[in-house]
Amino acid sequence: MSQNRQYELVYIVAPEATEQEVADLHTQIEQIIQRFNGTLDKTENWGRRRLAYEIGHHREGTYVVETITGSGELMKEIDRRLRVIDAVIRHLTVRVDEDLRVAERLRDERKATQARRRVARGLPPEPSPSERRGEAHEDQDEDRIGLEGAEVQR
Amino acid sequence: MSDERGGRGGRGAKSADKGKGEGRPRGGFFRRRRVCKFCADKIDYINYKDVRLLTPFIPERGKIQPRRISGTCAKHQRALQTAISRARQLALIPYVTD
């Protein structure tokens, strides 16, 4: 019925919370995921970070990033829960599967184009590490122009 | 008649001059030809959690740098815009700095 999609959930826990509380929160979310037949793909704890601006008089916060595969209802429930919990000062859910798919497609397309062009030039499809330097020659061009500019300044 | 031709020639020369000096305005200050950073570095997905990727596009004031200055292409500027707003919500990047 409901499709499985990949989401990224980031939440910021208040700095007063102990590590135990952060861990508890994590298990709580895990339980919700299990209840909705979702899967927790990855968890990243960034630890304590300075906030760019104050959120409810807090200047710091513990960032936790979770990658979750599940339904929209699951995310809705998590969102509702996180709203209620006071220790979580900010949270954000982003659906990532489509963006990642697009990025992957672009990467594959670029690789295919590169391979096709290289074959047309009579080269092996994959560039060898020693050829990599050739790609940097545009930069050199720019540097030269930059030097000319410097001369004008004088 | 000849006057007109001369005028036209002048105009032509003028526009040619303009074309030449476009990258180098008066005052001797030269701006490097702008290239979209994301196209050049082949970044397909602008990750909102990657602060180091985003900060070059946020000047001191905290606003998003316009395309005409950063040289980002339209497609990537759009993606950058969403990435920056997400990073702002997560307090990774300020909304404003005074």
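These exercises work through the folds of two chains and the core they share.

The structure is a predicted model: local features need pLDDT of at least 70, side-chain atom pairs count only at pLDDT 80 or more, and totals for chains, interfaces and linings use all residues. Residues are numbered from 1 along each chain as its sequence is written, with chains lettered from A and ligands numbered from 1 in the order in which they are written.

**Exercise 1. Set out the secondary structure of each chain.**

Solution.
- Step 1. Fix the terms: helices (H or I, at least four residues) and strands (E, at least two) are DSSP runs, numbered from the N terminus.
- Step 2. Take chain A. It has four helices and four strands. Along the sequence they read β-α-β-β-α-β-α-α.
- Step 3. Take chain B. It has five helices and zero strands. The pattern is α-α-α-α-α.
- Step 4. Add the domains of chain A. Domain 1 covers 5-95 and domain 2 covers 97-126. These bounds come from an automatic or database domain assignment. Over C-alpha atoms, the two domain centres are 36 Å apart.

**Exercise 2. Find the buried share and the long-range contacts of each chain.**

Solution.
- Step 1. Define burial. A residue is buried if 20 or more other C-beta atoms lie within 10 Å of its own, exposed if 12 or fewer, and partly exposed in between; C-beta atoms are placed from the backbone.
- Step 2. Apply this. Buried residues are 16% of the 154 residues in chain A. In chain B they are 17% of 98 residues.
- Step 3. Define contact: two C-beta atoms, placed from the backbone, within 7 Å.
- Step 4. Look at contacts with a separation of 6 or more. In chain A, residues 24 or more positions apart account for 76% of them. In chain B, the figure is 62%.

**Exercise 3. Work out the sheet of chain A and place the helices on it.**

Solution.
- Step 1. Use the pairing rule: two strands pair if DSSP finds at least two bridges between them.
- Step 2. Write the order. The sheet is open, has four strands, and runs S2-S3-S1-S4 with antiparallel pairing.
- Step 3. Find the edges. Strand S2 (39-55) and S4 of chain A each have a single partner strand, so one side of each lacks a neighbour in the sheet. From one strand to the next, the twist averages 20°.
- Step 4. Check one pair. S1(A) and S4(A) are antiparallel over seven bridges. Leu9(A) stands opposite Thr93(A) in S4(A).
- Step 5. Add the helices. Axes are lines fitted to C-alpha atoms, for helices over the stretch in contact, and angles run from 0 to 180 degrees between N-to-C directions. H1(A) lies across S1, S2 and S3 of chain A, at about 25° to S3(A). H2(A) lies across S1, S3 and S4 of chain A, at about 165° to S4(A).

**Exercise 4. Describe helix H5 of chain B and its surroundings.**

Solution.
- Step 1. Check the length. H5(B) spans residues 74-89, so 16 residues by the DSSP run. From first C-alpha to last it reaches 23 Å, close to the expected 22 Å. The expected span is 1.5 Å times one less than the number of residues.
- Step 2. Pick out buried residues. Among them are His76(B), Leu80(B), Ala83(B) and Ala87(B).
- Step 3. Name the cover. It includes strand S4 (88-95) of chain A, together with helix H2 (37-40) and helix H3 (51-54) of chain B.
- Step 4. Zoom in. Not counting residues up to four places away in sequence, Ala83(B) touches Ile46(B), Asn47(B), Tyr48(B) and Leu54(B).

**Exercise 5. Which residues have the most contacts inside the largest nonpolar core?**

Solution.
- Step 1. Define it: a set of buried Ala, Val, Leu, Ile, Met, Phe, Trp, Tyr and Cys residues joined through C-beta atoms within 7 Å.
- Step 2. Read the result. The core has 31 residues, and Tyr11(A), Ile12(A), Ala83(B) and Ala87(B) have the most contacts inside it.
- Step 3. List the suppliers. Strand S1 (5-13), helix H1 (19-35), strand S3 (58-70) and helix H2 (72-84) of chain A, with H5 of chain B, each supply at least two residues. S1(A) gives the most, with six residues.

**Exercise 6. Compare two residues with positive phi: is each buried or exposed?**

Solution.
- Step 1. Recall the background. Most residues other than glycine have a negative phi.
- Step 2. Take His57(A). Its phi is about 65°. His57(A) sits in the loop between S2 and S3 of chain A. It is exposed, because 7 other C-beta atoms lie within 10 Å.
- Step 3. Take Ala91(B). Its phi is near 60°. Ala91(B) is in the segment after H5 of chain B. It counts as buried, because it has 23 C-beta neighbours inside 10 Å.
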